[in-house]
Number of protein chains: 2
Amino acid sequence: MSTIQDVAKLAGVSVATVSRVLNNSNLVSQDTKKLVEEAIKKLDYQPNLLGRNLRRSETKMILVLLPNISNPFYSKVVKGIEKVAHNNGYNVMLCNTDSDAKRERMYLDLLKNHLTDGVIFMAPKIEKAELAEIGKNYPVVQCCEYKEGTGVPYVSIDNFSASYMAVKHLIDIGHRRIAFLGCESKFNSAMQRKNGYIKALEDHEINFDDSIVLYGDYTFNSGFSVGHKLMALKNRPTALFAISDFMAIGVIKAIKEKGLKIPDDFAVMGFDNISFTSMYDPMVSTISQPRYDMGRAAMELILKQLQGVQCNYEELLLEHELIIRESTVK
Amino acid sequence: MSTIQDVAKLAGVSVATVSRVLNNSNLVSQDTKKLVEEAIKKLDYQPNLLGRNLRRSETKMILVLLPNISNPFYSKVVKGIEKVAHNNGYNVMLCNTDSDAKRERMYLDLLKNHLTDGVIFMAPKIEKAELAEIGKNYPVVQCCEYKEGTGVPYVSIDNFSASYMAVKHLIDIGHRRIAFLGCESKFNSAMQRKNGYIKALEDHEINFDDSIVLYGDYTFNSGFSVGHKLMALKNRPTALFAISDFMAIGVIKAIKEKGLKIPDDFAVMGFDNISFTSMYDPMVSTISQPRYDMGRAAMELILKQLQGVQCNYEELLLEHELIIRESTVK
DNA sequence: CTTATTAATGTAATCGATTACATTGGAGGA
DNA sequence: TCCTCCAATGTAATCGATTACATTAATAAG
């Protein structure tokens, strides 16, 4: 493994000159530049970035914390982040937090130890105060899920109106008794989606009925068991809006097992538009988030912070979209 | 941001002593140790690992190259890798290669630039010679998909016998005309799974029929279109074995659209046991790979190489399992 | 009481780059 | 011809840790 010293020696110049060539300084004559480049090629020299990083006190590396890489929702967001990162000479380090604050803290040490230049949280679990503190000292952005009032900017969608749009769709196609499947999590999105549901009912003069407001944990299994509970009710709803596609699919599976036809006997709306929704039978109506663009926007916000530009807003909401498929209309 | 110098000054000792405390050297008296620890706490000091890494010429970071984080197959493998890595003081950097050799090379620069200590390939796309070359110079392991004869060890399953087992299951439940849905990729696994299919037919005196050997690209869509082609055949098979669950699900969807009942009219086997297989309707029979253990084994192989132990075998095959669900039997 | 040994600590080199500052030599102006 | 200026290059400090080697002081051995 050769170093900048070896290159300098072989080219017959000083290390400063080699460094200048490496960094495209215009303070090197064409002749010496050629000389150095030949030496680099001959030695198959690759700079040791540990040296550079130490000197420059930066790593060109961004940490992305996601609850779980197995969640297909995040893959496109990550693609967007990577796109912008690579265009700007940054690399991305993806890490599974398992939605565990302890693991988040473990990874945040990479920031404090100077091994990454910034962090993008996909769904922060650490306390608000902690997040605010980190945001004060390092470039940080939240993307998708977020905590408000921390001073750490976030990229997301308007979950309230997305949810409203979903429920209104169910109303528009004739449903009046619509169940809601949410999550009792601390995530803002869960609360906002519930509020959107309530408002849509209200605006269409449908009474809110607590007995058909149910909760799961975002997974297929929780949706599946809620689906069975639903079928056991005496005054059965005719439709359901779930705040995650996995739960919606779980409900659908349970309902089909009971012999009901979807969407004729029962309509289901999901949320997120994961790829599985268009593979399922029936294909699932849902809300699509502009995931790729959200990733890009988040990375751009990090870049701004790295350039020392302080972001003067905390919230950046992108446009969502209603996707109508077989689970709500024929 | 305080440095080791600041801590030394505050504690009234030299930087060497602080460093010794940081590294649990037993050459420090209890009293000074306490002094230093107090200074560290007071300053909220976190060592700058760029300095340490440069000096030690290691990063305690492992690069994991996967085709795409959205492929649910890999998530458990990654969990296994992370488990072993964390237990040994390593961090894991996940990177999307999009199955593109160029992107792989880009990430491999992180190795050459000393920013990671080793690499685990989930499905290498670079040339055999390139892989061999890298394996000569750095700790490298292949996991899941692999290239043979490169000197780079790999962790996988016996794809031939797994495939044999899958096809034998279809034969055992009475099928004699069994289609195969493979991939014309360079991956060994695709070829081996085809060979397992052929051997299973042979051993049970079923003629191999080229007209029901079809190809896709591992995706749902390719399975879906093959499913439709299949239904158009005059001498229709009664079962199909697909070498990926996504393709199997695509086939099932197409077949259901044609009004056939699964498994009564047609049986389908997949491969990988991704979580969707047990959410689908019908639930899909498949082959399960010990993904978590494969990840653990791969990381353990890397650790061995990092400790300078040369691995004297190239191949490590773990046990697979046949999972029988609704898509083959009632 | 002197010397050898060792535990505890300090000094300074080191990892491999970048970069402030110093130096050199040649072009151009007076 | 001499001086100024600047392009091109070199020297050495620097980033923040680790660690080989030096030093000190205390203890044990003779």
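What follows is a conversation about a predicted model, working through how its features earn their descriptions.

Trainee: How do you know that β6 and β8 of chain A pair?

Mentor: Two strands count as paired if there are at least two bridges between them. Strand β6 (residues 178–183) and strand β8 (residues 239–242) of chain A have four bridges, in the parallel sense, so they meet that cut-off. If you want a place to look, Phe180(A) stands opposite Phe241(A) in β8(A).

Trainee: What is the strand order in the sheet they belong to?

Mentor: The order is β7-β6-β8-β9 in chain A, four strands forming an open sheet with parallel pairing. From one strand to the next, the twist averages 20 degrees.

Trainee: Why is one side of β7 and of β9 in chain A left without a neighbour in the sheet?

Mentor: Because β7 (213–216) and β9 (267–269) of chain A are at the edges, where each has a single partner strand.

Trainee: Which helices lie across these strands?

Mentor: Helix α9 (residues 188–203) of chain A lies across β6 and β8, at about 165 degrees to β6(A). Helix α10 (residues 220–232) of chain A lies across β6, β7 and β8, at about 150 degrees to β7(A).

Trainee: Happy with that! Now the DNA: what makes a residue count as near DNA strand D?

Mentor: Its C-beta atom, placed from the backbone, has to lie within 6 Å of the strand. There are 27 residues around DNA strand D, and Ala16(A), Thr3(B), Ile4(B), Ser19(B) and Gly51(B) come nearest. The elements giving two or more residues to that surface are α2 (15–22) and α4 (49–56) of chain A, along with α2 (15–22) and α4 (49–56) of chain B.

Trainee: Which residues are closest to DNA strand C?

Mentor: Thr3(A), Ile4(A), Ser19(A), Gly51(A) and Ala16(B) are the closest, out of 27 that surround it. By class, the surface near DNA strand C has twelve nonpolar, ten polar and five charged residues.

Trainee: I see Gly51(A) in that list. Why is a glycine called polar here?

Mentor: Because Gly is placed among the polar residues in this scheme.

Trainee: Last one: how many residues does each chain give to the contact between chains A and B?

Mentor: Chain B gives 31 residues and chain A gives 31. On the side of chain B that touches chain A, α4, α5 (73–87), β2 (91–96), α6 (101–112) and α11 (245–257) of chain B each give two or more residues. The largest share, five residues, comes from α4(B). By class, this side of chain B has 15 nonpolar, eleven polar and five charged residues.

Terms used: Residues are numbered from 1 along each chain as its sequence is written. Chains are lettered from A and ligands numbered from 1 in the order in which they are written. This is a predicted model: local features need pLDDT of at least 70, side-chain atom pairs count only at pLDDT 80 or more; totals for chains, interfaces and linings use all residues. Axes are lines fitted to C-alpha atoms, for helices over the stretch in contact, and angles run from 0 to 180 degrees between N-to-C directions. Two residues are in contact if their C-beta atoms, placed from the backbone, lie within 7 Å.
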